Amino acid sequence: MTTHVDPQATPAPAEELLNRPATPAQRIHSVLHRQPALSPAIVLVLAAVVFSLVNDRFYALQNLSLVIQQVAVIGSLAVGQTVIILTAGIDLSIGAVMVLASLLMSKLVADNHWPGGVALLAGAVVAIAAQALNGLLVTKIKLPPFIVTLGTLSIFTAITLIYAKGQTIALQPGNILMWTANTVSLGQLNLTNGVLIMIALYAVIGYALRYTAWGRHLYAVGDDVEAARLAGISVNRVLLSAYMVGGFAIAVGAWILVGRVGGGDPNSGLNANLQSITAVVIGGTSLFGGRGVVLGSLIGALIVQVFVNGLALAGIDPNYQVLAVGILVIAAVSVDQWIRSVKS
Amino acid sequence: MNISSSQASSRRSRRTGVAAIGVSVCLGATLAACGSSNGSSSSSASGGGGKVGVSLILKTLTNPYFVSMEKDAKTQAAKDNVSLTVAAGNSDGDTQTQITAIDNAISRGDKGILITTNGDAVNAALNRAKQAGLFVIALDTAPNPASIANITYATDNEQAGKLDGQYAAAALNGKPAVIAMLDLFNNQVVSVDINRDHGFLEGMGIDPGSKTENGKEAKSGKYTGGKGGSYTVACHQPTQGAIDGGRTAMENCLSANPDINVVYAINEPAGEGAYNALKAAGKEKNVAIYAIDGSCAGLKNVTSGEFAADAVQYPGKMAALGVDSIAKLARGGSKPSVTGGKSFYDTGTALAAAKPLGGLTVQSPSQAASACWGN
């Protein structure tokens, strides 16, 4: 937005500026600035209304249950991705780490006969360790996160393929690894344990970001790393912790993926990197760091899945699903730019 | 790029001159590929029993189907005294890695290339290889146009789909069919995707409505296979050939039409995902899933009733035959020829089903398992 400034004009007194009534656009802008999850939430509601009008099956609680189940894996990864993007970083390896962890868990149980709980723990340790490696490369060797995770994306993918030899691993129901697939009925909504774990993950990380010193430091580092350093924040420790929290979220995603797939599959979850970034961006978190909330990412993931599901129900060619997601991403980033550019 | 050399050459040191040329030719290519190139280039002088260089270029190594090709090709290479170099794309559709591998094969002086192409973009490189005197064998799927390869060793994917479709029509026994079509992609045209999908519809006795595109059949009408009856195509959804993709696709199809009773799945992982979705919806008993692949794990799913039937293919056989053909040709043998009446060498397909149905040739899962691949 450009404003014409008349050099001859006398500058308005400060009080007059402050008391000037805000235009509706400014008020909307101000609200959106304070609530980053609001604009995606509006989009989600609008999309749901439109699809309900187009197809009467869309609104069925059974179908909405499915959409939430479908989003559980990407939704969990999006928590980790949000925390990393809030530090002005990005993680391209997030899906590869998830596939590695899910295969490791499944293989330890199916081939090595480990107890499910121990295998789950091993998967979590590997996911957090893998992310700690990303974090160390970013903080100690000072490499850009994009480059680090581009490299580790290949490394973790290769390790997975060498380890799994391209094979899928089926697990028996009843194992703790498959617990995430068990259905829980909340009234008419049929959710899975995986969905509940994902919601718990959002609650915990969301709380930590908003109400703990760690959370405030994370925003500060993402907003202006030099200012954060001058304020006495241990920047490297905050960055490393962001990646390790990301690792924890990945472990949760891997557990839910094992339930959905029924075991380990090297091909399942390969697109998760970009899908998680898409969810975060549509959810209103700024790729430049320092602004956004995890709830927005959940809404972002839901928006994508609502479009995919709604268009499929309407019998529309799947190519339009891809088109819709692309438009959503551009629109979301445009809104983010608008919110940042105009004075609040 | 995944590259390995099954036969480490002992003649590397003798050929420093060739190595120097090899290194200069390989500038820009990957170090690993060049590393093995110096060794196998010694085979270019061999007319009789010397080592023959062969490149096996796969789509990916993330799929047990291609892993099985690699394994059987290596076994055959050891038997035939072939120096085998294996390369693979990073993902389906990764043509650039395949082109690099083709160029490496040419500069290495290989006698032939076995390739499962990732797309038409590799055609120019394959033509360069043929001009350089390499014998090009396409595996699994013919390139487009088929003449790009000297010969194709493949399963008849259309026939595989057809066997599934014929069985599905017979099993329906005149009942109405509500069909979910779980395809591979929506963003690229891959012949295996089209051929299997169309084959299934043809087997059911439904006109696919197009030669080159999925989803062009009439959405409802009469199928003529088996006793015949009415049909509805409930959906065409992409699965990426993976379990999670198959599950999401099936969930969306079921939401659109809860009456689905027949599922066509492009491959076993997609079928597996569909089964997970049906089971979660409590519908796995009333829906028949038809898959294609014939892996050992997939045949177990036929035994357990997860899949109603599975069309069996033999990827390892294609690769092993390919290695053998190039070895023979390089040592003065004759060129391989296509199967009578077909444009390619057909390595065969069969239908595995737990329940035999009258009038159809069906293998039991245990019969089929004697030639299965993977684990």
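C253(B) is buried in this predicted model, because its relative accessibility is 1% and the cut-off for burial is under 20%. Its bonding partner is C235(B), and the two sulfur atoms lie 1.9 Å apart in a disulfide. C235(B) also counts as buried, with a relative accessible area of 10%. The pair links distant parts of the chain, since C235(B) sits in strand β9 (residues 229-238) of chain B and C253(B) in helix α8 (residues 243-256) of chain B, 18 residues apart. The torsion about the S-S bond of C235(B) and C253(B) is about 100°, so this disulfide is right-handed.

A search of the whole structure finds two disulfides over all chains, and the other one joins C296(B) to C372(B), with an S to S distance of 1.9 Å. C296(B) lies in helix α10 (residues 296-304) of chain B, while C372(B) belongs to the segment after α12 (365-369) of chain B, so the bond ties together parts that are 76 residues apart in sequence. For C296(B) and C372(B), the torsion about the S-S bond is about 95°, and therefore this disulfide is right-handed. C296(B) counts as buried, at 15% relative accessibility. When the bonded cysteines of chain B are numbered in sequence order, the pairing reads 1-2, 3-4.

From the disulfides we turn to the nonpolar cores. The largest of them has 88 residues, and those with the most contacts inside it are M98(A), L177(A) and L209(A). Helix α11 (residues 235-261) of chain A contributes the largest share of this core, 14 residues. Around M98(A), leaving aside its neighbours within four places in sequence, the contacts are V73(A), L77(A), I250(A), G253(A), A254(A), L257(A), G269(A) and A272(A). A second, separate core has 32 residues, including M181(B), V192(B), L201(B) and A265(B). In soluble globular proteins, nonpolar side chains tend to be buried together.

How far the picture can be read depends on the predictor's confidence. Chain B has a mean pLDDT of 84, and 86% of its residues reach 70 or more. Over residues 1-48 of chain B, however, the pLDDT is below 50, although this stretch has 70 contacts in the model beyond near neighbours in sequence. Where pLDDT is low, the predicted coordinates should not be read in detail. For the complex, the predictor gives an ipTM of 0.76 and a pTM of 0.77.

Key:
Residues numbered from 1 in each chain as written. Chains lettered and ligands numbered in written order. Predicted model: local features only at pLDDT ≥ 70, side-chain atom pairs only at ≥ 80, totals over all residues. Heavy atoms only, no water. Core = buried A, V, L, I, M, F, W, Y, C linked by side-chain atoms within 4.5 Å. Buried < 20%, exposed > 50% of the residue type's maximum accessible area, 1.4 Å probe, protein only. Helix = DSSP H or I, 4+ residues; strand = E, 2+ residues; numbered from the N terminus. Contact = heavy atoms within 4.5 Å. pLDDT = per-residue confidence, 0-100. Disulfide = S-S within 2.5 Å.
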